[in-house]
Amino acid sequence: GATARTMLARGPAGVLLLPGAPAPIGAVAVLFDGGEPALAALALAARLASALARPLRLLVPLELPDPAEVERRAGDALAGLEVAVETRRVPRDGLGPALAVAGRRCALLVLPADAADAADAAAAALRLVEALDTPVLVLR
């Protein structure tokens, strides 16, 4: 708990949190809001999904001003990659439970994070690992 929180808050790049049980085989999911950190997370998630021959599950927050535009931006970023993409819109309010539902049966959940919300991201990621039994990769 405490070590993972410290690494998530102060780590130089990203932290991979693993559940106690083996991860299910499924999609590689990524939370994508269209921002620069999310673009980096999307690129990594897409490469992993392609390498694992798994679909990419794009999780787009509902409350964005233009979720359709964010989905188009993701499509542009993924152009030319050989990966099947499934998109799900998730509510930002209560994002933890929504991610828990959308992230079930995923091989990996990739979350972008920035320095401003590192402590919140750490706590949320730890809760997700416990709820999902799925590895969670938090990028910085």
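The largest nonpolar core in this predicted model takes in 22 residues. Val 28, Val 30, Phe 32, Leu 42, Leu 56, Leu 58 and Val 110 are the ones with the most contacts inside the core. Six elements chip in two or more residues each: strand 2 (27-31), helix 2 (36-52), strand 3, helix 3 (67-78), strand 5 and strand 6. Helix 2 gives the largest share, with seven residues. Leu 42 shows how these pieces meet. Setting aside neighbours within four places in sequence, Leu 42 touches Val 30, Phe 32, Leu 56 and Leu 58, and also Ala 74, Ala 77 and Leu 78. A second core, of 10 residues, lies apart from the big one, and Ala 29, Val 90, Leu 109 and Leu 111 are among its members. In soluble globular proteins, nonpolar side chains tend to be buried together.

Stepping back to the whole fold, the protein has five helices and six strands. Along the sequence they come in the order α-β-β-α-β-α-β-α-β-α-β. Of the 140 residues, 44% are buried. The accessible surface adds up to about 7,200 Å², and carbon and sulfur atoms account for 56% of that. Contacts reach a long way along the chain: among those with a separation of 6 or more, 80% are between residues 24 or more positions apart.

Strand 5 (residues 106-112) and strand 6 run parallel and are joined by four bridges. One pairing worth pointing out is Pro 112, whose bridge partner in strand 6 is Leu 139. Strand 6 (residues 136-139) is covered on both faces. Val 136 and Val 138 are buried on one side, while Leu 137 and Leu 139 are buried on the other. Back in strand 5 sits Leu 108, which counts as buried at 11% relative accessibility. Leu 108 also offers a handy example of distant sequence positions brought into one region: Ile 25 is 83 residues away in sequence, yet the two C-alpha atoms are 8.8 Å apart.

Charged residues come next, and here the search of the whole structure turned up five salt bridges. One of them joins the side chains of Glu 36 and Arg 73, at 3.1 Å from N to O. Glu 36 belongs to helix 2 and Arg 73 to helix 3, so this pair ties together parts that are 37 residues apart in sequence. The two partners differ in how much of them shows: Glu 36 is exposed at 56% relative accessible area, whereas Arg 73 is partly exposed at 34%.

Helix 3 also has a salt bridge within itself. Glu 69 and Arg 72 both sit in this helix, three residues apart, which is about one turn. Their side chains meet at 3.1 Å, N to O. Glu 69 is partly exposed, with a relative accessible area of 40%, and Arg 72 likewise counts as partly exposed, at 46%. Another salt bridge leaves helix 3 altogether: Glu 71 pairs with Arg 89 at 2.6 Å, N to O. With Glu 71 in helix 3 and Arg 89 in strand 4 (residues 85-90), the pair ties together parts that are 18 residues apart in sequence. Glu 71 is partly exposed at 23% relative accessible area, and Arg 89 is partly exposed at 40%.

Arg 57 deserves its own mention. This arginine is in strand 3 (residues 56-61) and has a relative accessible area of 8%, so it falls under the 20% cut-off and is buried. What does the side chain of Arg 57 make a polar contact with? The partner is the side chain of Glu 86, at 2.6 Å. Arg 57 and Glu 86 are also linked with Arg 88 in a network of salt bridges.

One backbone detail rounds things off. Ala 53 has a phi near 55°, a positive value in a residue other than glycine. Ala 53 is found in the loop between helix 2 and strand 3. At a relative accessible area of 63%, Ala 53 is exposed.

Notes
Residues are numbered from 1 along each chain as its sequence is written. This is a predicted model: local features need pLDDT of at least 70, side-chain atom pairs count only at pLDDT 80 or more; totals for chains, interfaces and linings use all residues. Side-chain values use heavy atoms; hydrogens and water are left out. Buried means under 20% relative accessible area, exposed over 50%, partly exposed in between (1.4 Å probe, protein chains only). Two strands pair if DSSP finds at least two bridges between them. Contact means heavy atoms within 4.5 Å. Accessible areas come from the Shrake-Rupley method with a 1.4 Å probe; for residues, only the protein chains shown count as cover. A polar contact is a pair of N or O atoms within 3.5 Å; within protein, one must be able to donate a hydrogen and the other to accept it, and residues adjacent in sequence count only if both atoms are side-chain atoms. A nonpolar core is a set of buried Ala, Val, Leu, Ile, Met, Phe, Trp, Tyr and Cys residues joined through side-chain atoms within 4.5 Å. A salt bridge is a side-chain nitrogen of Lys or Arg within 4 Å of a carboxyl oxygen of Asp or Glu.
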